[in-house]
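Student: I should like to learn how to read the local features of a structural model, beginning with charged side chains. Could the explanation take the general idea first and then the particular case?

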Amino acid sequence: MNKLRHFKKDPLTARLLDQKDPLKEFRKEFHIPKQNNKEVIYFCGNSLGLQPKITFSKINHELKKWAEKGVEGHFDEDPWVSHHHKGKKTMSSLVGAKIHEVVAMNNLTTNLHLLLASFYQPKEKRKKMIIEKGAFPSDYFAITSHMKQKEIDPKDHLIEISPDENGYFSNEKICHAILTTGDALALVLLPGIQYYSGQFLNLKSITHAAHKVGAFAGFDLAHAAGNIPMTLHEDKVDFAAWCSYKYLNSGPGNVSGVFLHEKHGNNPDFPRLAGWWGQNETIRFKMENDFDPIPGIDGWMLSNANIISSVAHLASLDMFEKAGIHELRKKSILLTGYLEYLLVNNTAIKPHIKILTPKNESERGCQLSIYFYDQGKIAFDHLKKNGVIIDWREPNVIRVAPVPFYNTFQEVEKVVTLLTQIFV
Ligand SMILES: *Cc1c(COP(=O)(O)O)cnc(C)c1O
């Protein structure tokens, strides 16, 4: 927080910060939604990222190619069959992986199922899974369905770690739960960033604890990918998956990213649910039944890529390549820090809220989750009426996510001014 002391609650400061922003030109590369012919303040990139302008032409290009070439498009000079190789370089740089440890395929929940099929292999005593209490329902459903399918009762074998009264998960508590579960623990599946509170967990330390007791550690990075740079390979994380439509701006429901550590990916005998697209590319089209999986996560692919939507993912990854995740993160720390600074130093707002997201910037990304002691719904409606897109979570929480790619310091300032109007 120290470096934020120079922020002043002053529109001049916001304007100056915007002027000095080295990434300011990127905003123009996105479509900003409008209400009543006026650009909205879009603080919902944690839910659905905005559309890069380039996306339209990228998709059109593939539609045109399909129209002109039909099936020949699979094997031309820019072949659809090898589509999944594209974008790997940028994906791997976002999460800190080797090229063959990442791929884009399927959707997030589908990939969680595939990874659980590989990593949840309960044996004798080792049957338990750890998640966080209040986990995203899809993750909870995925996990419990794997247990039930194996006739393991989640009531006895699913451990849900509780946060404190502010929604905070202490790393000590998580690691303690892992260590005390010991050799009864099969798998930890936790978020990178918890969707409700915006807390970024300590992936390395959780993974280390899991490995200490012989369990696997996997992470749902839906809210972390494209938000915070990570070092999955170095941290020895076993697996991870994320969607591409939140901070990765690839469009509603678009393809999911997967990470699989090479120590598993390079083992052809590692259990998996297989498909023909995971087959050794040199023999795939011989259509024979001996499965010789591609080394790395590619050996987990099931199907040929959905080209029309996947190119939107590539379009977005190109922009990440240009901007650089570390540059984006630098701006993000300032932008979210500025929002926090304006909120906690505002005497009108301060008595009515508490920020659930950790103060420590290394424990959070873009998002701040603001709990309202009172008038939360009124504040939400007021913001909405004034063209601010944010999201409401029961019972009393507004999640605000200024995104460094397309949001500005002046937008942050404007939102705090609007909130002040409620409480004066
Ligand atoms: C957004 C999100 C999902 C969504 O899953 P889909 O399969 O992409 O619909 C799942 N889990 C978490 C933690 C999320 O944040």
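**Charged pairs, cavities, core and backbone**

Tutor: Let us start with accessibility: arginine 393 counts as partly exposed, because its relative accessibility is 28%. Please bear in mind throughout that this is a predicted model.

Student: Which cut-off is applied when a residue is called buried or partly exposed?

Tutor: A residue is buried when its relative accessible area is under 20% and exposed when that area is over 50%, with partly exposed in between. Aspartate 391, at 9% relative accessibility, is therefore buried. The side chains of aspartate 391 and arginine 393 form a salt bridge, with an N to O distance of 3.3 Å.

Student: What is the general idea behind such a pair, and how many salt bridges does a search of the whole structure find?

Tutor: Side chains that carry opposite charges can pair when their charged atoms come close. In this model, a search of the whole structure gives 20 salt bridges. One of the pairs is aspartate 298 with lysine 88, whose closest N and O atoms are 2.5 Å apart.

Student: Where in the chain are aspartate 298 and lysine 88 located?

Tutor: They link distant parts of the chain, 210 residues apart. Aspartate 298 is in the loop between helix H9 (262-265) and helix H10 (307-323), whereas lysine 88 is in helix H3 (residues 88-95). As for accessibility, aspartate 298 is buried at a relative accessible area of 5%, and lysine 88 is buried at 4%.

Student: What does the pair of glutamate 340 and arginine 364 look like?

Tutor: Their side chains meet in a salt bridge of 3.0 Å, N to O. Glutamate 340 belongs to helix H11 (residues 325-344), and arginine 364 to the loop between strand S11 (353-355) and strand S12 (368-372), so the bridge ties together parts 24 residues apart in sequence. Glutamate 340 is buried, at a relative accessible area of 3%, and arginine 364 is buried, also with a value of 3%.

Student: Which residues are linked in a network of salt bridges?

Tutor: Such a network links Lys65, Lys69, Asp76 and Glu77.

Student: Let us turn to cavities. How many cavities of 30 Å³ or more does a search of the whole structure find?

Tutor: A cavity is read as a space where a probe fits but from which the probe cannot get out. Four cavities of 30 Å³ or more are found here, and the largest has a volume of about 80 Å³.

Student: What lines the largest cavity?

Tutor: Its lining includes His83, His84, His313, Lys86, Met91 and Leu314. By residue type, the lining divides into six nonpolar, four polar and one charged. Strand S4 (102-105) and H10 each contribute at least two lining residues, and H10 gives the most, with three.

Student: What is the volume of the second largest cavity, and where does this cavity lie?

Tutor: Its volume is about 60 Å³. The second largest cavity lies between domain 1 (4-53 + 325-423) and domain 2 (79-320), because both domains give residues to its lining. Among the lining residues are Asn227, Tyr247, Arg329 and Phe405, and the lining comprises seven nonpolar, two polar and one charged.

Student: What is the general tendency of nonpolar side chains, and which residues of the largest nonpolar core touch the most other members?

Tutor: In soluble globular proteins, nonpolar side chains tend to be buried together. The largest nonpolar core has 58 residues, and Val95, Ile178, Phe219, Leu221, Leu232, Trp242 and Phe405 touch the most other members. H10 provides the largest share of this core, five residues. Since both domain 1 (4-53 + 325-423) and domain 2 (79-320) contribute residues, this core lies between them.

Student: Finally, what should one look for in the backbone?

Tutor: Most residues other than glycine have a negative phi, and most peptide bonds are trans, so departures from either pattern can be picked out. Glutamate 394 and proline 395 are joined by a cis peptide bond, with omega about 5°; proline 395 is in the loop between strand S14 (391-393) and strand S15 (397-400).

Student: What are the cases of phi at lysine 236 and asparagine 249?

Tutor: Lysine 236 has a positive phi, near 65°, and is partly exposed, with a relative accessible area of 49%. Asparagine 249 has a positive phi of about 50°, is located in the loop between S9 and strand S10 (256-260), and is buried at 3% relative accessibility.

Methods: Residues numbered from 1 in each chain as written. Predicted model: local features only at pLDDT ≥ 70, side-chain atom pairs only at ≥ 80, totals over all residues. Heavy atoms only, no water. Salt bridge = Lys/Arg side-chain N within 4 Å of Asp/Glu carboxyl O. Helix = DSSP H or I, 4+ residues; strand = E, 2+ residues; numbered from the N terminus. Buried < 20%, exposed > 50% of the residue type's maximum accessible area, 1.4 Å probe, protein only. 1 Å grid on protein atoms, 1.4 Å probe; cavity = no way out; pocket = protein on both sides within 12 Å on 5 of 7 lines; lining within 4 Å. Points joined across faces, edges and corners; volume = space filled by probe spheres on them. Nonpolar A, V, L, I, M, F, W, Y, C, P; charged D, E, K, R; others polar. Domains from an automatic or database assignment. Core = buried A, V, L, I, M, F, W, Y, C linked by side-chain atoms within 4.5 Å.
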